Amino acid sequence: MEVAAYLTEKAHSVSVVELEETPFRRFLGERVGRALMKMFENNRVKFYMQTEVLELRAQEGKLKEVVLKSSKVVRADVCVVGIGAVPATGFLRQSGIGLDSRGFIPVNKMMQTNVPGVFAAGDAVTFPLAWRNNRKVNIPHWQMAHAQGPVTCLGSQGKDPELACSRLRQACWGTRARGQALGAGANRQFPRVPQGRT
Ligand SMILES: Cc1cc2nc3c(=O)[nH]c(=O)nc-3n(C[C@H](O)[C@H](O)[C@H](O)COP(=O)(O)OP(=O)(O)OC[C@H]3O[C@@H](n4cnc5c(N)ncnc54)[C@H](O)[C@@H]3O)c2cc1C
């Protein structure tokens, strides 16, 4: 989405193709996702939602058209692929360290795995977030990974730290959106603030 925002000042037109009904829905929730979508639409970004890319058509080695599952054909010179990431935790499968169905490592609030003395932190984990009734969430943000390091240290010393949520920011079109990442499906405020303020 940040690439899309950046390109609106460079490209003739910018389109976003998305599997979900609303961008950011799984991470920030429906309401926040819709607000962000509106902001993008107001800046000439066209959305093709609930569909996916089937084919990239080229002529003389250059991209010409993007064919969507919905049969729509979008003319394009450049296609930027941003389809997420999965944790590379396959090597743990025989280790005894528990993984969930998506390959994330579930930890408790001290970042302990199911194996005593083994801790995990960062993008690869799901952890209980107090603000969400200790629901296990995965928040793939640098600030979150950074915060989980000290929590791991404190947890390994038998202390009982509590992990807060992760702040995130997005800078688009001279405004900065700032919010709290609370994991899948949360509907938290994501206010826009003028440039220069955080
Ligand atoms: C394109 C992109 C843009 C992003 N933008 C932002 C942003 O604007 N703000 C923000 O907060 N976050 C952003 N993130 C997310 C942020 O980068 C991650 O949340 C953060 O890097 C997670 O840190 P980590 O240490 O958990 O994992 P990583 O930074 O992914 O580090 C994991 C390391 O482990 C190594 N590794 C993997 N498997 C093995 C193995 N078997 N043995 C040894 N080493 C291994 C990898 O090579 C890697 O170096 C972005 C991520 C991407 C991909």
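1. In this note Ala, Val, Leu, Ile, Met, Phe, Trp, Tyr, Cys and Pro count as nonpolar, Asp, Glu, Lys and Arg as charged, and the others, Gly among them, as polar. On that basis the shell around the ligand divides into 5 nonpolar, 3 polar and 1 charged residues. The residues around the ligand (C-beta atom, placed from the backbone, within 6 Å of it) are Ala88, Phe91, Gly122, Asp123, Pro140, His141, Trp142, Gln143 and Ala145.

2. The model is predicted: local features need pLDDT of at least 70, side-chain atom pairs count only at pLDDT 80 or more, and totals for chains, interfaces and linings use all residues. Residues are numbered from 1 along each chain as its sequence is written.

3. The chain comprises 4 helices and 11 strands, taken as DSSP runs numbered from the N terminus (helices H or I, at least four residues; strands E, at least two). Of its 198 residues, 23% are buried, that is, with 20 or more other C-beta atoms, placed from the backbone, within 10 Å of their own.

4. The largest nonpolar core (buried Ala, Val, Leu, Ile, Met, Phe, Trp, Tyr and Cys residues joined through C-beta atoms within 7 Å) has 15 residues, with Ile105, Val107, Met111, Ala120, Ala121, Val125 and Phe127 having the most contacts inside it. Strand E7 (125-129) and helix H4 (142-156) each give two or more residues to this core, and E7 gives the most, with 3. Apart from this core lies another, of 9 residues, including Phe24, Val32, Phe40 and Val45.

5. Beyond its neighbours within four places in sequence, Ala121 is in contact (C-beta atoms, placed from the backbone, within 7 Å) with Met111, Ala145, Gln148, Gly149 and Thr152.

Key
Buried ≥ 20, exposed ≤ 12 C-beta atoms within 10 Å, placed from the backbone. Contact = placed C-beta atoms within 7 Å.
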